Amino acid sequence: MPEWILLLLTRSTAGLIVPCLRTIEEYRKLVDLAKYAPLGNRRFIKGRGCGFGYQEWAAGTLEEYMANSNEKLMVIPQCETAESLSCIEEIAALEGIDGVANGLNSVVGPVLKNIARQGDAEGGKFMGLSLWDAFETWKASCRWVELSREVSPKTPHHSAFPEMETEMLYDYDKGDTFQAHVYKTPGQYGTHVDAPIHMSEGAKGLDAFGASDLCMPLCVIDLSKEVAADPDYALGTADIEAWEARNGKIPEGAFVAFRSDWGKRGTYEEIENRDEEGTAHYPGWTVEALKFLREERGVLAVGHEPADTDPAVIANTEGWIAERYWLAQNRYQIELLVNLDQCPETGGLIFCAFPRLKGGSGSTARCVALVPRA
């Protein structure tokens with residue numbers, strides 16, 4: 001670290017964003033290298049590289065120059081390891097640290113994917129930090145968002161499927177010592193998962209997805225204003241490119257959700273949004289956008305608030321071309337999501353839970369997001 005930081009500082013660098021630090025000692029060392037006394041021990045050489053003597057802010061005495069330099073140089077380390085997260089309050093309190101960049105995906109993702117492999121070897125710890133301790137930190141710095149609709153006979157569902165039926169099998173009123181129900185419901189009911197075999201013969205069923213496929217970085221593409229102006233809006237590659245211009249590249253293995261605020265509609269009649277002639281109007285994805293996410297970004301799953309992947313105007317004329325494409329890639333999708341307006345565009349995680357149905361084509365799903373507190 002010392003060599004490249006010193007090299008950058010000699011080139012009139014205005015700020016440093018430093019990744020991959022772990023211990024509080026490494027954060028102190030960063031301040032020591034980047035800041036002049038009394039905050040640190042940065043070396044001083046008169047010359048144009050540091051602005052001394054010829055820039056207005058660098059005029060005055062040596063002491064004034066050092067104080068001005070310390071104020072102007074932004075030092076922002078990233079917190080992206082469980083070890084650094086465990087001492088985040090101590091890091092933030094360090095004099096000379098101007099901010100801490102959130103690396104939530106870098107912290108949580110490796111923990112969740114490697115706990116089985118490394119947890120046993122290290123007595124239930126990962127990167128030197130107890131997962132229980134880390135979880136307490138996440139609870140304090142993050143919030144949970146429910147992304148699924150309640151399941152009942154009244155739950156909005158596609159008009160092609162029947163209403164859920166419930167039968168009381170055992171009950172206290174019958175003299176039984178416990179209660180149990182039989183639920184009869186289509187797989188694609190309420191907030192639900194579509195397995196590849198739902199639209200692609202011979203493709204994966206729900207049982208083919210492993211535990212590591214159920215937790216992903218959450219990327220939310222907010223097009224609610226566009227959809228409010230045009231309910232037939234089709235999310236295209238230009239929308240993805242605009243999102244990446246704001247937030248950076250979509251990570252491989254991510255879950256990409258299309259926020260349209262369609263989840264605020266309470267009935268299926270409102271979701272279908274049929275006009276006077278009986279034609280449905282609701283937003284969806286273009287095939288080109290899904291191809292980009294699959295082929296260029298390696299996205300694992302997508303989700304949306306309507307009951308179909310394709311915009312209604314396209315499905316009415318060309319069929320379910322976007323949905324058939326996506327599921328043919330042996331990826332899954334979640335439909336009829338809610339509360340995406342409570343999630344930031346980036347920085348969150350999504351957990352998708354559904355049964356390991358052998359050859360299952362779909363199932364009601366429970367999805368929740370873990371996002372940083374605003």
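Okay, let's start at one residue and work outwards. Not counting residues up to four places away in sequence, Thr191 touches Leu147, Ser148, Arg149, Ile334, Glu335, Leu336, Leu337, Ser363, Thr364 and Ala365. Before I go on, a reminder that this is a predicted model, and everything I say today is read off that model.

So where does Thr191 sit? You'll find Thr191 in the loop between β8 (180–184) and β9. Its relative accessible area is 2%, so Thr191 is buried. There's also a long-range pairing here: Thr191 and Arg366 are 175 residues apart in sequence, yet C-alpha to C-alpha they are 7.4 Å apart in space.

Let me pick one of those Thr191 contacts, Leu336. Leu336 is in the loop between β15 and β16. Its backbone may catch your eye, because Leu336 isn't a glycine and still has a positive phi of about 60°. And is Leu336 buried or exposed? At 1% relative accessibility, Leu336 counts as buried.

Stepping back to the whole chain for a moment. We have 374 residues, and 46% of them count as buried. The secondary structure comes to 13 helices and 18 strands. If you take the contacts with a separation of 6 or more, residues 24 or more positions apart account for 71% of them. As for the surface, the accessible area is about 18900 Å², and 52% of that belongs to carbon and sulfur atoms.

Now, salt bridges. The count comes to 12, and I'll go through a few.

Take Arg259 and Asp261 to begin with. Their side chains meet at 2.9 Å, N to O, and both residues are buried. This pair belongs to a network of salt bridges that links Asp222, Arg259, Asp261, Lys264 and Asp341. Asp261 has a backbone story too: its phi is near 65°, a positive value in a residue other than glycine. For orientation, Asp261 is in the loop between β12 (255–259) and α10 (268–272).

Next up, Lys358 with Asp207, a salt bridge at 3.8 Å, N to O. Lys358 is in the loop between β16 (348–353) and β17 (362–364), and Asp207 is in the loop between β9 (192–194) and β10 (215–222), so the pair ties together parts that are 151 residues apart in sequence. The two ends have their own accessibility classes: Lys358 is exposed, with a relative accessible area of 77%, while Asp207 is partly exposed, at 24%.

And then a local one, Glu136 with Lys139, at 3.2 Å, N to O. Both lie in helix α7 (residues 131–141), three residues apart, which is about one turn of the helix. Glu136 counts as partly exposed because its relative accessibility is 46%, and Lys139 counts as partly exposed at 37%.

On to helix packing. How are α9 and α11 arranged, and what is the angle between them? Helix α9 (residues 237–247) and helix α11 (residues 287–296) pack at about 45°, with their axes 8 Å apart. That makes α9 oblique to α11. On the α9 side you have Thr237, Ile240 and Glu244, and these meet Glu288, Ala289, Phe292 and Leu293 in α11. Sorted by class, this contact has four nonpolar, one polar and two charged residues.

Two more spots to click on before we finish.

One is Asn330, in the loop between α13 (321–328) and β15 (332–335). Asn330 is partly exposed, with a relative accessible area of 28%. Which residues does Asn330 contact, leaving aside its neighbours within four places in sequence? Pro196, Ala203, Lys204 and Phe209. Also, the C-alpha atoms of Asn330 and Ala301 are separated by 9.6 Å, with their positions 29 residues apart along the chain.

The other is a cis peptide bond. Ala37 and Pro38 are joined by it, with omega about 10°. Pro38 lies in the loop between α2 (24–34) and α3 (62–72).

That's my tour. If you want one place to look at again, go back to Thr191, buried at 2% relative accessible area, with Leu336 among the residues it touches.

Methods. Residues numbered from 1 in each chain as written. Predicted model: local features only at pLDDT ≥ 70, side-chain atom pairs only at ≥ 80, totals over all residues. Heavy atoms only, no water. Axes fitted to C-alpha atoms, helices over the stretch in contact; angles between N-to-C directions. Helix = DSSP H or I, 4+ residues; strand = E, 2+ residues; numbered from the N terminus. Parallel < 35°, antiparallel > 145°, perpendicular 65-115°, else oblique. Contact = heavy atoms within 4.5 Å. Nonpolar A, V, L, I, M, F, W, Y, C, P; charged D, E, K, R; others polar. Buried < 20%, exposed > 50% of the residue type's maximum accessible area, 1.4 Å probe, protein only. Areas by Shrake-Rupley, 256 points an atom, 1.4 Å probe, with all protein chains shown as cover. Salt bridge = Lys/Arg side-chain N within 4 Å of Asp/Glu carboxyl O.
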